[in-house]
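Q: Please take a close look at one part of this model, beginning where that part ends. Then work outward and connect it to other places worth checking in the chain.

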Amino acid sequence: MARTRERSTSIDNTDPASVIKRLKTSHITPGENTDGLAAPAVVSPESLIKPSDPTSQFANELFDHNHIARLNATYVDNCPFKYVVVDKLFQDELLRKVKDECLSELNFTEKETDIYKVNQTGDLASLNYLSSAQISRLSNLQTLRDALYSPEFRNFLRAVTGCGPLSGKKQDMSVNSYTRGCHLLNHDDVIGSRRVSYILYMPLPHYQLWQKDWGGALELYSVTLNDDGQLEPEPMPSKSIPPSWNQFIFFEVQPGRSFHSVEEVVVGGEGEDGRERLSISGWFHAAQEGEEGYVPEAPAPEVKSSREQLTSTSTMFKAYPDTDPEVLPDITLSEDHTAFLAEFLNPVYLQERTMKGLSARFVEESSLELRSFLNHELEKSLEPRLRELDSKDGLGEDRPARIPCHTCGTFGRWTVKGPPHKWRYCVLKPLEEGARKEAVTPRSHASSTDEIMRSLQDELFTSAAFRAWLNIVSRLMPMRYAVEARRFRPGLDYTLATSEETEARLDVVLGLTPPVREPDSEDEENRYTESRGWQAAEWGGWECYMAPHNEEDDPAIYRSSSHKKAKTSAPPPTDSTAAQEPRPKASTSNSDGSNPSSNPSTATDGDSSVSGEEPVDSETEPDAEPMDEDEEEESTLLTVQPGFNSLLLVLRDERVMRFVKYVSAASEGSRWDVCGEYEVGVVQEEEEIEEDES
């Protein structure tokens, strides 16, 4: 099991190494004792706040009573939840010096999980544990930190928000740099004793106004009651606030209400012109034991936080009709089943020898990836239609803005599915009652892309014939199903890591994402490339399976970079290779005829280069030690890049986490699939039944 940490952004501030490791070592004088720091036990909590009056560091009239009254009135009236924007917080000279120190003296580490991608420093609460020589290079940053957590500024926050006493000794802040591709998905910040979230912006270059189409806006969400009586965010943000220099935004952390996200930044990065969304952000915590105003932690509220709601996700399954015949082992497909499946599938996958070969492989490795799964006519019809639909909806490679608006792709027969603190993607709208289904043969001649996708969703994946085929290939009996045609739009859509706590599931995903094309290639046959885009892990959208985790571990820790390798899928089998192909890598537990729920997996995908990092739940995150390669491999079971006409089958054990990584705005189109999730039972062989009876 990989070494992971709780998904909290609070760290032990008595560990000075967490900050030292992010100081640039080139500034350390030869022979200087970098361990010559005050021992944590000697440093009193009170020393974290300097006694000098910090008000001179702030903007003029910030603490004026009339100004505070105006901010309070704005705070109370703001929607979708209470927040305040202070246009200028600090004296400009101080903030410019802080910006320079952050860029020259601190190292930023790229961190990525299911919920975010960001470049970040360690926790700034540990500055007091540095040596005098080290802290002299960060004197302005320390001044700013001490001013933020001073009694004067904490009283200012209390006066504006009415949040109650705030801690001066429990500090929680870091510096974040969002460059091209960085993002933070929907969450409410509720963890532990957090009371107020804040962001102080230092976008670069500081003398240039940050443009809206560069991304990086703070997005705020309205909430609605779900069927369980819990508050959850609407699929689309109702407020978007672009960053600006010296701007300070803060809000009270509220379970089930303070939902927010950070829009992807589409500028900056290595070799660019220096544009980046730089910020200092973190939380003010409730007064701690021993501080004035401390109150023991109250019982947990009835309203669940976004983190708690993720753990209670359940799938709504449909049952097969009672008229469906019982599925038994060692059967062959009936003529009717074969005739029906032939309307959709590559005929090679209907051959008895092929199915037996696939079954043997699946029993051994618990996963298969089958290329060219649909027949040639459907494949040839779908790819250009999907590209055309993306282009029509403003989501194609020629779209005018890199970040599409949230309504793109939601007109006609598609709609957005939320809630975004769990997932956001587009699904087909249900057919109206009494509406006639289109019946076309061959299937590739359907009137629209939507009709083909609906036939895969409503006819193929839910059919008795496909149920029988899955049983033969997986040696598992599908009992109930949940199927969706899904569209993940660039710059907008994803799923966060969730799991099934008590039972195994059979995941069946038909990837339909058109391959990347070289724009200058005139050779139609060889114009597709894997050197960039999906297969190079540049655009996200990969399907990821994570190992089961302990209660104290984070459920979705991993690292991704351009070095991530795609899972090697098999070429379509031929008559001569049917028994051996395809050759997928192992993923979850083995399907060996035993109860799948009793087989937690520890297998890894040897083709994927992965490791663990601690995730963030707001715009700040504490330090996290890097994992070694063995630990990294243990945390990720399987990673599969988006592909076209490729079927993925995975037996997912209980507590195994699964998510689809956010699709980057850099993508030249949507990520498409048809996703089936099946409740399954284990088919016993006749020999096993006889042994049980004896």
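A: Start just past the end of helix H12: the next residue, Arg 475, has a positive phi, near 65°. Keep in mind that this is a predicted model.

Now step back into the helix. H12 covers residues 464–474, and 10 of its 11 residues are buried, so the helix is largely enclosed by the rest of the structure. The buried residues begin with Ala 465, Phe 466, Arg 467, Ala 468 and Trp 469. They go on with Leu 470, Asn 471, Ile 472, Val 473 and Ser 474. Arg 467 and Asn 471 are thus among the residues counted as buried.

What packs against H12? One partner is helix H8, residues 335–342. The two axes come within 9 Å and cross at roughly 100°. H8 and H12 are therefore roughly perpendicular to each other. H8 supplies His 337, Phe 340 and Leu 341 to the contact. H12 supplies Ala 464, Ala 465, Phe 466, Ala 468 and Trp 469. By type, these residues split into 7 nonpolar, 1 polar and no charged.

Phe 340 leads on to the next site. Besides its place in the contact of H8 with H12, Phe 340 touches Arg 443. Arg 443 sits in the loop between strand S17 (423–428) and helix H11 (449–460). Arg 443 counts as buried because its relative accessibility is 12%, below the 20% cut-off. Its side chain makes a polar contact of 2.8 Å with the side chain of Glu 459. Beyond residues up to four places away in sequence, Arg 443 also touches Glu 343, Phe 344, Leu 378, Ile 452 and Ser 455.

Leu 378 points to another loop. Helix H10 spans residues 376–392, and Ser 372 lies in the loop between strand S15 (367–371) and H10. Ser 372 is not a glycine, yet its phi is positive, about 50°. At 22% relative accessibility, Ser 372 counts as partly exposed.

For a contrast in burial, go to Asp 189. Its phi is also positive, near 75°, and it is a residue other than glycine. Asp 189 lies in the loop between strand S5 (183–187) and strand S6. Asp 189 is buried, with a relative accessible area of 2%.

Strand S6 leads to a proline. S6 runs over residues 194–201, and Pro 205 lies in the loop between S6 and strand S7 (218–220). The peptide bond joining Leu 204 and Pro 205 is cis, with omega about -5°. A further cis bond runs from Cys 79 to Pro 80, with omega near 10°. Pro 80 is placed in the loop between helix H2 (65–77) and strand S1 (84–86).

Leu 204 also has a contact to follow: it is one of the residues that Glu 276 touches. Glu 276 is in the loop between strand S12 (260–262) and strand S13 (277–286). Glu 276 is buried, at 15% relative accessible area. Its other contacts, not counting residues up to four places away in sequence, are Leu 103, Ser 177, Tyr 178, Thr 179, Pro 203 and Trp 210. Asn 176 is 100 residues from Glu 276 along the chain, but their C-alpha atoms are separated by 9.8 Å.

Thr 179 ties this site to strand S3. Asn 119 lies in S3, residues 116–120. Its side chain makes a polar contact of 3.3 Å with the side chain of Thr 179. Asn 119 counts as buried at 13% relative accessibility. Its contacts beyond four places in sequence include Phe 108, Val 175, Asn 176, Ser 177 and Cys 182. Asn 119 and Tyr 178 are 59 residues apart in sequence and 6.3 Å apart in space, C-alpha to C-alpha.

Leu 103, touched by Glu 276, brings in one more helix pair. Helix H3 spans residues 92–105 and packs with helix H5 (139–148) at about 120°, axes 8 Å apart. That makes H3 oblique to H5. The crossing is left-handed. Among the residues making the contact are Leu 94, Leu 95 and Val 98 of H3, and Leu 141 and Leu 144 of H5. The contact residues divide into 6 nonpolar, 3 polar and 2 charged.

Last, the whole chain. The protein has 14 helices and 25 strands. Of its 694 residues, 56% are buried. Among contacts between residues at least 6 apart in sequence, 83% join residues at least 24 apart.

Technical notes: Residues numbered from 1 in each chain as written. Predicted model: local features only at pLDDT ≥ 70, side-chain atom pairs only at ≥ 80, totals over all residues. Heavy atoms only, no water. Helix = DSSP H or I, 4+ residues; strand = E, 2+ residues; numbered from the N terminus. Buried < 20%, exposed > 50% of the residue type's maximum accessible area, 1.4 Å probe, protein only. Polar contact = N/O pair within 3.5 Å; in protein donor to acceptor, adjacent residues only side chain to side chain. Contact = heavy atoms within 4.5 Å. Axes fitted to C-alpha atoms, helices over the stretch in contact; angles between N-to-C directions. Parallel < 35°, antiparallel > 145°, perpendicular 65-115°, else oblique. Left-handed = near helix turned anticlockwise from the far one by under 90°. Nonpolar A, V, L, I, M, F, W, Y, C, P; charged D, E, K, R; others polar.
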